[in-house]
Amino acid sequence: MAFALVCVPVVAQEARLGPAEAAIQARIEKSGADVAVYFKMLDGKSEWTLRPDEMFHAASTMKVPVMIELFHQVKLGKVKLDDAVPIKNEFHSIVDGSVYTLSAADDSEAELYKADGQTRTLGELCELMITVSSNFATNLLIEKLGVANIRGTVHELDADGMNVLRGVEDGKAFEKRLNNTTTARGLGVLLEAIAEGKAVDAASSREMIAILQRQKGIPAGLPAGIAVAHKTGEITKIHHDAAIVFAKRLFILVILVRGLADKKDSAALMADITGKLFAATQ
């Protein structure tokens, strides 16, 4: 599969980064996948992007701005993390307002479905949304926080490449291609704001980092023992990972992959990209 590679060196780079870029491009081309990368060292000495403004289906990476908006509304005093939310599996399509429900069989977390008619706190729902990527928890949070508010906060953070339109599993919207989308840059800017303590405020950012560090699954391609705060996203032929990597020199890395049917192939590709960038800059 042939496609154009657009690489944007932004600042003076380490000497080893040039060969790494070439190796990454060759690896991606061999894979046949569509790939976007946003890599930024937070010491300001290196940045490298590949197709950073190309739109991809966001999959579960859209849960990052939902989390940010939750902490934003906590800061404003609109909600509290210990506010109780009724658990009700009933949502409304953005197409016509018709009711749809979620299925535990299609979700990554099933226990919340057993709590129908009970309540959970906003903090508990946020934990489920990020750490085990619960779609049910995500939709409950979006319903409480409001899509317009989530979009407004994304805009305020200059991350308009992340476009949240709706909750998860809205079948009618999907059929009309009304999907949540993201660019590598948009997602990277959100993570950078969290890493630098600028997503809401420093205290909120620290709490969000702690939640992201508890996501199940360890990113491949990094040496053992390096802390990572990240969010993955997966649907058919889509596999993303977006991370704050707490290496000796902290960096942001977003990798969006489209077109590979086997998750093992996309995971191996992302691990290779991560490993090459890490080796070239640490």
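**A hairpin, a pocket and a pair of helices**

Hi everyone, let's start with two strands: β10 and β11 pair in the antiparallel sense, with nine bridges between them. Keep in mind that this is a predicted model. Look along the pair and you can find Thr 232, whose bridge partner in β11 is Asp 241. The two strands make a hairpin, with two residues between them. In that turn sits Lys 237, with a positive phi of about 60°.

Now hold on to β10, as we meet it again in the largest pocket. That pocket has a volume of about 830 Å³, and 46 residues line it. Which residues lie nearest its centre? They are Ser 60, Thr 232, Gly 233, Glu 234 and Ile 235. Several elements each supply at least two residues of the lining, among them α3, α9, β11 and β12. Which element gives the most? That would be β10, with six residues. By class, the lining holds 19 nonpolar, 16 polar and eleven charged residues.

Last stop: the helices α2, residues 63–76, and α5, residues 147–156. Their axes are 9 Å apart, and the helices pack at an angle of about 95°. Angles of 65 to 115 degrees count as roughly perpendicular, so that is how α2 and α5 lie to each other. Where do they meet? On the α2 side we have Pro 65, Val 66, Ile 68, Glu 69, His 72 and Gln 73, and on the α5 side Asn 149, Ile 150, Thr 153 and Val 154. This contact has five nonpolar residues, four polar and one charged. Thanks for listening!

How values were computed. Residues are numbered from 1 along each chain as its sequence is written. This is a predicted model: local features need pLDDT of at least 70, side-chain atom pairs count only at pLDDT 80 or more; totals for chains, interfaces and linings use all residues. Side-chain values use heavy atoms; hydrogens and water are left out. On a 1 Å grid over the protein atoms alone, a cavity is a set of points where a 1.4 Å probe fits but cannot get out, and a pocket is an open set with protein on both sides within 12 Å along at least five of seven lines; lining residues have an atom within 4 Å of a point. Grid points are joined across faces, edges and corners, and a volume is the space filled by probe spheres set on the points. Helices (H or I, at least four residues) and strands (E, at least two) are DSSP runs, numbered from the N terminus. Ala, Val, Leu, Ile, Met, Phe, Trp, Tyr, Cys and Pro count as nonpolar, Asp, Glu, Lys and Arg as charged, and the others, Gly among them, as polar. Axes are lines fitted to C-alpha atoms, for helices over the stretch in contact, and angles run from 0 to 180 degrees between N-to-C directions. Angles under 35 degrees count as roughly parallel, over 145 as roughly antiparallel, 65 to 115 as roughly perpendicular and the rest as oblique. Contact means heavy atoms within 4.5 Å. Two strands pair if DSSP finds at least two bridges between them.
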